[in-house]
Amino acid sequence: MMKMEFNFALLTGVFLSLACYTYVYKESGFWTIAEHTFVGLSVGYGLVLAIQNIYTTALIPISAGANYPLIGSLILGFMLFSQYSKKYMWMSRWGMAVLIGIGTGVAMRTVIQAQITEQLLATFLPLVAKDPLQTLNNILIVVMVCATLFYFTFTRGKGKIAGQVRLLGRYTLMATLGATFGATVLTRMTLFTGVWTFLWGPEARFYLIPVGIAMMIILALYEKLPRISSKK
Amino acid sequence: MGFDAGGEAPTVQETMVMPAVDRALGRFGAQYGVDYVNLGWVAGLESGEAAFVNNIRSVVTQDFRGKPIDELPIMKGVNTGKDFQFVIHIGYAEDPIRQYVTAFKLPLVVATWGMMGPHYPPYIEAGQMIGLIVGMPGAAEYELLIGMKGEGLKGSDALSMTHLMVATFCILGNVYYFGWKAAGRKRKE
């Protein structure tokens with residue numbers, strides 16, 4: 001027989017997973033505990049990472065007499081906290097402006113080539129290939145890309161043909177959005193099976209049934225008690 | 001060399017990815033710090049990724065375990081994207097395409113969750129990505145391909161059953177809808 005040792009981390013994992021599922025029934029106290037624990041842990045973890053990051057990438061090099069320009073970055077970072085004062089709130093805009101400016105600049109540096117030029121070039125496909133399926137694929141890509149671009153560019157053009165092309169563009173968009181929606185639903189299923197693979201794992205399942213039953217009893221009592229007391 | 005520009009991954013790397021890498025590379029006698037390393041978190045999302053590939057030492061001074069990177073043999077002579085040969089990215093693919101592929105012409109493989117699957121094949125067609133693993137089915141296929149059966153294959157049966165369940169409910173929903181419509185038409189007649 002398998003020897004079991006008490007595992008607090010596993011018990012907490014099982015409890016928090018089941019607590020999240022109580023939301024299916026209603027927004028219970030268990031759900032609130034799970035929600036607050038998750039938010040608290042995430043924020044705490046993020047804060048520790050950020051402090052550690054500032055310490056290793058800025059404070060240590062500055063104290064070692066190198067990378068003095070980082071002092072400017074630290075000041076701009078501290079200026080973001082001026083958001084909490086109505087009088088000095090304007091100071092936070094400087095830090096925010098640098099953040100947004102650098103972020104946009106870094107992305108824009110390559111976005112034209114990465115997501116416009118290269119994608120456009122990939123659409124210039126031979127309409128007749130050696131493989132008949134490849135031929136069909138190429139024709140579909142070219143026609144559907146053109147139809148979708150037409151749909152967005154010539155929104156007001158009259159005429160039967162223009163209308164048909166726009167319709168094809170719309171169907172292409174619908175097919176793409178449908179595929180994304182379907183994939184999203186199925187991804188949620190993966191998360192669900194992932195959680196239940198954990199809960200029904202060889203060790204976690206010993207905690208699953210007692211914890212689940214205890215939670216159901218507490219939820220039932222929590223529901224019943226106010227009614228009983230109101231009858232009295 | 002592993003690093004994260006998101007925020008939640010360093011611990012995931014240390015508790016899940018690194019033990020798996022230890023197990024996989026351990027067979028070939030690979031060692032931490034010599035053949036692989038976890039550089040932890042780099043702030044700034046895409047800006048952080050760009051800074052990392054332009055000058056690693058400007059954003060990382062020590063690894064996730066607190067050891068200065070200049071003391072690690074794997075980091076000798078490695079400081080920019082030009083020193084990399086290959087990138088495996090887990091998550092959204094747009095940032096690495098812009099910062100690693102377009103800027104440094106690095107070959108990129110992406111492992112992403114299922115919902116992003118329909119968006120990324122155009123990048124493969126354009127040659128900006130050389131491989132794509134989508135969700136658990138993709139992980140299962142990859143495990144089968146390399147002959148290392150693991151969590152992906154283990155979860156595939158359960159996933160197939162849930163997919164079957166979703167498909168059944170879709171069919172039942174449509175049957176009910178069209179039946180209800182036909183019944184309404186009959187009532188009108």
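# Two chains, one predicted model

Of the 189 residues in chain B, 28% count as buried. Keep in mind that this is a predicted model. In chain A, buried residues make up 7% of the 232 residues. Chain B mixes seven helices with five strands, while chain A has seven helices and zero strands. The two chains meet where 32 residues of chain B are in contact with 34 residues of chain A.

**Chain B overall**

- Reading from the N terminus, the elements of chain B go β-α-β-α-α-β-α-β-α-β-α-α.
- Chain B is more spread out than a compact globule, because its radius of gyration of 22 Å is well over the 16 Å that the globule rule gives for 189 residues.
- The C-alpha trace of chain B spans about 85 × 35 × 30 Å along its principal axes.
- Take the contacts in chain B with a separation of 6 or more: 41% of them come from residues 24 or more positions apart.

**The sheet in chain B**

- Three strands of chain B make an open sheet in the order S3-S4-S5, with parallel pairing.
- The edges belong to S3 (87-90) and S5 (131-134) of chain B; each has a single partner strand, so one side of each is left without a neighbour in the sheet.
- From one strand to the next, the twist averages 15°.
- S3(B) and S4(B) run parallel and are joined by four bridges; here Ile90(B) has Ala111(B) in S4(B) as its bridge partner.
- On the other side of the pairing, S4 (residues 108-112) of chain B pairs with S5(B) in the parallel sense, again over four bridges, and Val110(B) has Leu132(B) in S5(B) as its bridge partner.
- S3(B) has two faces to look at: Val87(B) and His89(B) sit on the covered one, Ile88(B) and Ile90(B) on the uncovered one.
- As background, side chains in a regular strand alternate between the two faces of the sheet.
- Helix H4 (residues 94-104) of chain B lies across S3 and S4 of chain B, and runs at about 165° to S4(B).

**Nonpolar cores**

- The largest nonpolar core has 26 residues, and the ones touching the most other members are Leu39(B), Val42(B), Phe52(B), Val59(B), Val60(B), Ala93(B) and Ile97(B).
- Both chains feed this core: helix H4 (92-123) of chain A gives two or more residues, as do strand S2 (38-41), H2, helix H3 (56-59) and H4 of chain B.
- H2(B) gives the most to this core, with four residues.
- Leaving aside residues up to four places away in sequence, Phe52(B) touches Phe3(B), Val42(B) and Val59(B).
- There is also a second, separate core of eight residues, with Leu18(A), Ala19(A), Phe30(A) and Ala34(A) among them.

**Where the chains touch**

- To recap the counts, 32 residues of chain B are in contact with 34 residues of chain A.
- Several helices of chain B each supply at least two residues of the side that touches chain A: H2 (45-54), H4, H5 (121-125), H6 (135-146) and H7 (151-188).
- The residues on that side of chain B divide into 16 nonpolar, 13 polar and three charged.

**A glycine in H6 of chain B**

- Gly138(B) lies in helix H6 of chain B.
- Gly138(B) counts as partly exposed because it has 18 C-beta neighbours inside 10 Å, and a buried residue would need 20 or more.
- Gly138(B) and Leu153(B) are 15 residues apart in sequence, and their C-alpha atoms are 9.6 Å apart in space.

**Chain A overall**

- The elements of chain A run α-α-α-α-α-α-α from the N terminus on.
- Chain A has a radius of gyration of 29 Å, whereas a compact globule of 232 residues would come in near 17 Å.
- Along the principal axes, the C-alpha trace of chain A spans about 75 × 60 × 50 Å.
- Among contacts in chain A between residues at least 6 apart in sequence, 30% join residues at least 24 apart.

How values were computed:
Residues are numbered from 1 along each chain as its sequence is written. Chains are lettered from A and ligands numbered from 1 in the order in which they are written. This is a predicted model: local features need pLDDT of at least 70, side-chain atom pairs count only at pLDDT 80 or more; totals for chains, interfaces and linings use all residues. Two strands pair if DSSP finds at least two bridges between them. Axes are lines fitted to C-alpha atoms, for helices over the stretch in contact, and angles run from 0 to 180 degrees between N-to-C directions. Two residues are in contact if their C-beta atoms, placed from the backbone, lie within 7 Å. The radius of gyration is taken over C-alpha atoms; the globule rule is 2.2 Å times the number of residues to the power 0.38. A residue is buried if 20 or more other C-beta atoms lie within 10 Å of its own, exposed if 12 or fewer, and partly exposed in between; C-beta atoms are placed from the backbone. Ala, Val, Leu, Ile, Met, Phe, Trp, Tyr, Cys and Pro count as nonpolar, Asp, Glu, Lys and Arg as charged, and the others, Gly among them, as polar. A nonpolar core is a set of buried Ala, Val, Leu, Ile, Met, Phe, Trp, Tyr and Cys residues joined through C-beta atoms within 7 Å.
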